Amino acid sequence: MNQPFDWPSAFAAQAQADLAIWEHLSSMDVPQCQKLHFLQMTCEKLAKAFLLKERNPSPSLHTSHAYIAKPLPRILEHFQDRISKSDQKHFRFLAREIELLAPSVDDNGKRPDNCEYPWMDASGQIRVPAEHAFVVIVDLVTQPAGRHFIKLVKNCIRELLATPEQC
Amino acid sequence: MLEIFRISAAGNAEADPKEPIKLLEINADTSATGILPIYLPALPDKGITFPSVIVEITPQESVQLRANALTLPNGWTIGDLIPNPAECPQ
């Protein structure tokens with residue numbers, strides 16, 4: 001348990017732990033925000049694990065949460081041959097929606113909805129994540145392309161942990 | 001995808017066979033989160049024999065990049081536009 005980690009494998013290991021909780025919660029009757037929070041953390045840490053492994057230069061890597069939408073679809077496509085164009089498009093849209101679940105990523109105030117903190121919507125009403133349905137992202141995740149996305153996330157984490165010298 | 005440009009490394013780095021292929025992609029569907037080069041290693045067992053770097057930006061970020069409000073890292077510069085095969089005469 002106390003094996004030494006470098007930064008990439010540490011991020012990948014934590015991503016794997018977050019994904020296990022996402023999967024555990026998936027069939028449980030708990031608010032969507034709680035489930036989605038673990039999916040957001042999984043994807044962020046996987047993307048950062050890969051970027052750290054490949055020494056991608058970015059001073060904000062340890063502090064910013066906006067590291068899912070751009071890199072993650074590319075990473076999944078890189079490791080998985082023959083992803084259909086429609087799935088690629090789905091992955092990009094889904095990855096951006098997952099990124100927006102972090103409270104600090106709000107598309108310049110246009111998307112205050114997030115899975116952690118209450119926010120005020122465009123009509124001035126205060127919204128609570130635990131009471132919010134997250135309809136768009138739940139639909140995206142549960143479609144076949146969304147399940148494909150989750151499967152590839154899981155495979156990529158496993159590959160990063162199993163053969164770090166090749167990832 | 002609107003346009004793809006080559007990115008050139010500084011000095012004679014492009015003559016090094018180990019230098020990755022670097023592309024700047026202008027994509028209206030991506031998010032405006034700045035310059036984030038994504039290094040993708042070669043995976044010979046999967047038929048990917050060249051390492052590459054992708055920098056994906058929005059059209060608005062492209063304008064900022066041209067105006068030097070955004071910059072590429074490592075002294076990289078924007079190179080030639082890669083022709084779109086769909087727009088080439090048969």
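Tutor: A salt bridge is a side-chain nitrogen of Lys or Arg within 4 Å of a carboxyl oxygen of Asp or Glu. We shall use that rule throughout, keeping in mind that this is a predicted model.

Student: Which residue of chain A meets the side chain of B:Glu56 in a salt bridge?

Tutor: The closest approach here is 2.9 Å, N to O, and the rule asks for a distance within 4 Å. B:Glu56 also belongs to a network of salt bridges that includes A:Arg74 and B:Glu25. The partner whose side chain meets that of B:Glu56 at the distance just given is A:Arg92.

Student: How many salt bridges does the rule find across the interface of chain B and chain A?

Tutor: A search of the whole structure, over all chains, gives 14 salt bridges, and the pair of A:Arg92 and B:Glu56 is one that joins the two chains. Across the interface of chain B and chain A, the number that the rule finds is four.

Student: Which elements of chain B give two or more residues to the side that touches chain A?

Tutor: The contact involves 20 residues of chain B and 20 residues of chain A. By class, the side belonging to chain B has 11 nonpolar, five polar and four charged residues. The elements that supply two or more of the residues on this side are β3 (38-40) and β4 of chain B.

Student: What area is buried between chain B and chain A?

Tutor: Carbon and sulfur atoms give 57% of this area. In chain B, the residues that lose the most area to chain A are B:Leu36, B:Ile38 and B:Lys46, which together make up 30% of what that side buries. The area buried between the two chains is about 1800 Å².

Student: Is B:Thr30 buried or exposed?

Tutor: B:Thr30 lies in the loop between β2 and β3 of chain B, and its contacts beyond its neighbours within four places in sequence are with A:Lys70, B:Glu56, B:Ile57 and B:Thr58. Its side chain is also joined to that of B:Glu56 by a polar contact of 2.7 Å. Because its relative accessibility is 11% and the cut-off is under 20%, B:Thr30 counts as buried.

Student: What pattern does chain B follow when it is read along the sequence?

Tutor: Chain B has one helix and five strands, and of its 90 residues 38% count as buried. Among the contacts in chain B between residues at least 6 apart in sequence, 58% join residues at least 24 apart. Read along the sequence, the chain follows the pattern β-β-β-β-α-β.

Student: How many residues apart in sequence are B:Ile4 and B:Ile82?

Tutor: B:Ile4 has its place in strand β1 (residues 3-8) of chain B, and B:Ile82 is among the residues in contact with B:Ile4, as are B:Leu23 and B:Asp80. In space the two residues are 5.6 Å apart, C-alpha to C-alpha. In sequence, the number of residues by which they are apart is 78.

Student: Why do the buried residues of α1(B) line one face of the helix?

Tutor: In helix α1 (residues 59-66) of chain B, the buried residues are B:Glu61, B:Ser62 and B:Leu65. What covers them includes β2 (21-26), β4 (52-57) and β5 (77-81) of chain B, whereas the face turned away from the buried side carries the exposed residues B:Gln60 and B:Val63. Seen down the axis of α1(B), the buried residues line one face because they fall within an arc of 105°.

Student: Which residue forms a salt bridge with A:Lys48?

Tutor: The closest N and O atoms of this pair are 3.0 Å apart. The two residues are four apart in helix α2 (residues 32-53) of chain A, so they are separated by about one helical turn. A:Lys48 is buried, with a relative accessible area of 3%, and its partner, which counts as buried at 9% relative accessibility, is A:Glu44.

Student: Which residue forms a salt bridge with B:Glu14?

Tutor: B:Glu14 counts as partly exposed, at 39% relative accessibility. Its partner counts as buried, at 3% relative accessibility, and the closest N and O atoms of the pair are 2.6 Å apart. The residue that forms this salt bridge with B:Glu14 is B:Lys22.

How values were computed. Residues numbered from 1 in each chain as written. Chains lettered and ligands numbered in written order. Predicted model: local features only at pLDDT ≥ 70, side-chain atom pairs only at ≥ 80, totals over all residues. Heavy atoms only, no water. Buried < 20%, exposed > 50% of the residue type's maximum accessible area, 1.4 Å probe, protein only. Arc of directions from axis to C-beta. Contact = heavy atoms within 4.5 Å. Buried area = accessible area lost by both parts, 1.4 Å probe. Nonpolar A, V, L, I, M, F, W, Y, C, P; charged D, E, K, R; others polar. Polar contact = N/O pair within 3.5 Å; in protein donor to acceptor, adjacent residues only side chain to side chain.
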